[in-house]
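Me: Please take a close look at the aromatic rings here. Tell me what sits with them, then follow them into their surroundings.

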Amino acid sequence: MTRREAKKLYKEWLTDAGYKRSTIDGKLCAASRFLRWLSRRDLRDVTRKDIERYVDHLRTCHSEKSRSGALRAKSVVYLVSVVRQLFACLYRHEKILNNPARNIAFIRVDPERPKEILSITQVSCFLNSLEGCGRYWLRDRAIYELIYSSGLRVSEAAGLKVGDIDFEGRLLLIRQSKFYKDRIVPASDVALSFVKKYLGERITARESHLFLGDQGPLGRQAMGVRFR
């Protein structure tokens with residue numbers, strides 16, 4: 001079975017399972033990493049030993065994001081989980097006779113760094129520091145105020161439209177959230193005040209998307225870049 005066939009089937013399986021596009025793209029990227037490591041080997045010939053070798057390979061892989069230079073344990077767990085899911089998909093569709101990834105477990109051998117959670121004071125300092133910082137400071141302030149006050153995912157903030165905001169009721173309509181479900185969340189007076197200021201200065205007034213960049217609606221990845 002070719003890599004292209006495996007990825008096509010896996011993508012269809014993820015779509016039918018109701019995963020969002022961004023999640024599917026991430027899983028396909030992780031699956032491609034494994035398939036490249038296999039080189040041109042037929043997936044029907046892959047053994048448990050091969051997958052264990054891949055896990056060992058991931059443990060020594062270089063990461064461009066990690067400070068230590070190695071992949072974080074959490075990243076390895078995710079990459080291995082995608083391999084398990086890929087082979088489960090192939091097995092259920094009777095493309096392979098045996099599932100070599102079944103019961104493959106990854107034991108964390110390095111401790112995860114604790115999450116660094118900002119205090120209220122630190123968040124306030126960060127938000128206040130944006131004022132006058134670049135031509136997009138007002139837009140960025142509105143983005144981060146909404147994310148912070150309403151607990152939004154970055155993709156949810158990127159998908160907001162002007163009509164999704166109830167300024168009087170201080171509510172946001174989040175469309176097609178996780179598993180394509182809509183939800184309504186509250187927003188703070190401070191966050192909405194910055195949104196109003198941003199909209200008042202926005203050049204493209206008729207654009208339905210709330211947050212814009214030079215090329216149109218600001219995407220999830222662009223927001224992540226701005227934040228970093």
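Reply: In this predicted model, the charged end of K197 sits over the ring of F194, at 4.8 Å from its centre. R139 does likewise with Y136: it lies over the ring face, 4.1 Å from the centre.

Now rings with rings. There are nine aromatic pairs, counting ring centres within 6.5 Å. One of them is Y10 with W13, stacked, with 6.5 Å between centres and 15° between planes. These two are three residues apart in helix α1, so about one helical turn separates them. Both are buried.

W37 and Y54 make another pair. Their centres are 5.2 Å apart and their planes meet at 55°, so this pair counts as tilted. W37 belongs to helix α2 and Y54 to helix α3 (residues 48-59), so the contact ties together parts 17 residues apart in sequence. Y54 has 1% relative accessibility and counts as buried. W37, at 25%, is partly exposed. Ring pairs also join W37 and Y54 with F34 and F87 in a cluster.

Back to α1, the home of the stacked pair. Its buried residues are A6, L9, Y10, W13 and L14. They fall within an arc of 135° seen down the axis, so they line one face of the helix. On the other side, R4, K8 and D16 are exposed. The cover over the buried residues includes α2 (21-38) and α4 (73-92). The helix length also checks out: 14 residues (3-16) at 1.5 Å each should span 20 Å, and the end C-alpha atoms are 20 Å apart. Just after α1, G18 takes a positive phi of about 90°.

Technical notes. Residues numbered from 1 in each chain as written. Predicted model: local features only at pLDDT ≥ 70, side-chain atom pairs only at ≥ 80, totals over all residues. Heavy atoms only, no water. Helix = DSSP H or I, 4+ residues; strand = E, 2+ residues; numbered from the N terminus. Expected span 1.5 Å × (residues − 1). Buried < 20%, exposed > 50% of the residue type's maximum accessible area, 1.4 Å probe, protein only. Arc of directions from axis to C-beta. Contact = heavy atoms within 4.5 Å. Phe/Tyr/Trp six-rings, centres within 6.5 Å; stacked < 30°, edge-to-face > 60°. Lys NZ or Arg CZ within 6 Å of the ring centre and 35° of its normal.
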